[in-house]
Amino acid sequence: MFKQISMTNFKSWRETGPVRLAPLTGFFGANSSGKSSLLQMLLLLKQTSESNDRNLVLKTGSIQEGYVNLGTAYEITYGSEQKLSLGLIWEFDRMYPMITADQEESEYVTLTALEFETKIHAEEQRIYVESLRYQFGEDFSAVLARKDNNHYSISVLVNGREPRRPQSRPRVFMKPTKCYGFSYEAIEYYRNAHFLRHLEFEFEWKFGRLYYLGPLREYPRRQYTWGGERPTNVGLKGELAIPAILAGRDQKVYDSQRKSKRNRLDARIAQWLVELDLASSFAVEQVAVGSTLYHAKLRRHKRSPEVLITDLGIGVSQVLPVLVLCYYVPEGSTIILEQPELHLHPSVQAGLADVFIDVIKNRNIQILLESHSEHLLRRLQRRIAEEVFSPDDAALYFCELHEGESKLTPLNLDLFGEIDNWPDDFFGDLLGEVVGAFDAGLQRKQAFANGS
């Protein structure tokens, strides 16, 4: 699980400070207040880690591909700044053998969390890593810092001691791999220092377990094609939700009603559609034996005829990728959701909170979301008051823009689900609208009564 992020000079954020991430983390606020940027930072690192170009410092997505398209590295820096830093802390449980200069045998060091920070210099025509750092408290640190041009120096400390290294070799190396990996020369500088390569692998493995679903989901289709492949996710717009259901038909997921893992993926999705009052049944069926074409069919009510997903309104097709992603990805994954409530009825928006609580508690899934939904938040508050969900497992933030700079306010959520620092007009001025409508109606009634 990601435990913390931090950014300096990234898009509209001059400085975020440390931002705690919980099993359920929600970012709220007005449009263009910087909510998406907090999540884009993780997506930027994910698509960088998945790039085949190991000399690319950041894959910002200037070519139309990937999870985010941010232009150039120079364009994503705050104001006219040319330096940005990205920081992370995530859970980590690994034991590494280390040999320090005064030892003959390995000493094992156990890391239970890992802090990462990369500092990047970005000009219009030049981008390079100024430094990168991995650290775990006082037990372990590995720092690569730029000296000049393509030359970097390295410093590794294990319990305050430096690992064994050749005395004759200079402490200067070539540039790092992307923005998070150590060069081959740096790894070879310390004897038995393959743990430095393992840090790079751990970084890539962690971001390989990060999944994303965008706010604009694909419209439903009358038929879907599936040839037996197993997608890694549901697609950026949910276009692979049906293939994922078919690929995961034999995947057992936790059924909170039966308190066991006996439920199939498609059956659990059908259960949620019933609980959210969107359908009374759901099934994905082959058009004909041996065909690669499939229909997604539903019944709105028990006595209703079975129809295709295209004939039942847009709500089901919008929530379906959210449900499938939550139960399809491996346990222990992190999911980023942008406006999961889009095009959904308020009661379904509220029900999404129950979906998220279920996968967090029973599948160890971390949910990071940005939302405008008051109904989702109110249901979460209710579940905390009912002791279904712990306030310690939630981190809620309000984003706002002041003179072109984004600011973040942590919302104080107590044991009773109450928030004592609500910003003014957090979800608009509902009371003001009600009072205004009442006053206007009263004035018109008086005018009619007076014959005017």
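# Close-up views of a predicted model

**Figure 1. Helix α8 and its surroundings in the predicted model.** Helix α8 covers residues 374–385; at 1.5 Å a residue, its twelve residues should span 16 Å, and the end C-alpha atoms are 16 Å apart, which agrees. The buried residues of α8 are Leu376, Leu377, Arg379, Leu380, Gln381, Arg383 and Ile384. These buried residues pack against strand β4, helix α7 (346–363) and strand β19. At the start of the helix, a side-chain oxygen of Ser373 comes to within 3.4 Å of the backbone nitrogen of His375. After α8 comes Glu387, which has a positive phi, near 65°.

**Figure 2. The aromatic pair of Phe2 and Phe207.** The model contains nine aromatic pairs, counting rings whose centres lie within 6.5 Å. In the pair shown, the ring centres of Phe2 and Phe207 are 5.4 Å apart and the planes stand at 50°, so the pair is tilted. Phe2 belongs to strand β1 (residues 2–10) and Phe207 to helix α3 (residues 194–208), so the pair ties together parts that are 205 residues apart in sequence. Phe2 counts as buried, at 0% relative accessibility. Phe207 is likewise buried, at 1%.

**Figure 3. The aromatic pair of Phe27 and Tyr397.** The rings of Phe27 and Tyr397 are stacked, with 5.5 Å from centre to centre and 20° between the planes. Phe27 is in strand β4 (residues 24–29) and Tyr397 in strand β19 (residues 394–402); the pair thus links distant parts of the chain, 370 residues apart. Phe27 and Tyr397 are both buried. The strands that carry this pair, β4 and β19, are also among the elements against which the buried residues of α8 pack.

**Figure 4. A cluster of aromatic rings.** Ring pairs join Phe2, Trp90, Phe116, Tyr134, Tyr180, Phe182, Phe203 and Phe207 into a cluster. Phe2 and Phe207, the tilted pair of Figure 2, are among its members.

**Figure 5. Charged side chains over tyrosine rings.** The charged end of Lys46 sits over the ring of Tyr211, at 5.9 Å from the ring centre. In a second case, Arg146 lies over the face of Tyr128, 3.9 Å from the centre of that ring.

**Figure 6. Thr77 and its contacts.** Thr77 is in the loop between helix α1 (35–49) and strand β5 (83–98). Thr77 is buried, with a relative accessible area of 6%. A polar atom of the Thr77 side chain lies 2.9 Å from the backbone oxygen of Glu81. Leaving aside residues up to four places away in sequence, Thr77 touches Asn9, Lys11, Leu84 and Ala122.

**Figure 7. Positive phi at Asn9 and Ser32.** Most residues other than glycine have a negative phi. In Asn9, phi is positive, near 60°. Asn9 lies in strand β1 and is buried, at 9% relative accessibility. Asn9 is also one of the residues touched by Thr77 in Figure 6. Ser32 has a positive phi as well, near 60°. Ser32 is in the loop between strand β4 and helix α1 and is exposed, with a relative accessible area of 66%.

**Figure 8. Two buried cysteines, Cys179 and Cys326.** Cys179 is buried, with a relative accessible area of 0%. Cys326 counts as buried too, at 0% relative accessibility. A search of the whole structure finds zero disulfides.

**Figure 9. The whole protein, for orientation among the close-ups.** The protein has nine helices and 20 strands. Of its 452 residues, 51% count as buried. Among contacts with a separation of 6 or more, 58% are between residues 24 or more positions apart. The aromatic pairs of Figures 2 and 3 connect parts of the chain 205 residues apart and 370 residues apart, respectively.

Key
Residues numbered from 1 in each chain as written. Predicted model: local features only at pLDDT ≥ 70, side-chain atom pairs only at ≥ 80, totals over all residues. Heavy atoms only, no water. Phe/Tyr/Trp six-rings, centres within 6.5 Å; stacked < 30°, edge-to-face > 60°. Helix = DSSP H or I, 4+ residues; strand = E, 2+ residues; numbered from the N terminus. Buried < 20%, exposed > 50% of the residue type's maximum accessible area, 1.4 Å probe, protein only. Lys NZ or Arg CZ within 6 Å of the ring centre and 35° of its normal. Expected span 1.5 Å × (residues − 1). Contact = heavy atoms within 4.5 Å. Polar contact = N/O pair within 3.5 Å; in protein donor to acceptor, adjacent residues only side chain to side chain. Disulfide = S-S within 2.5 Å.
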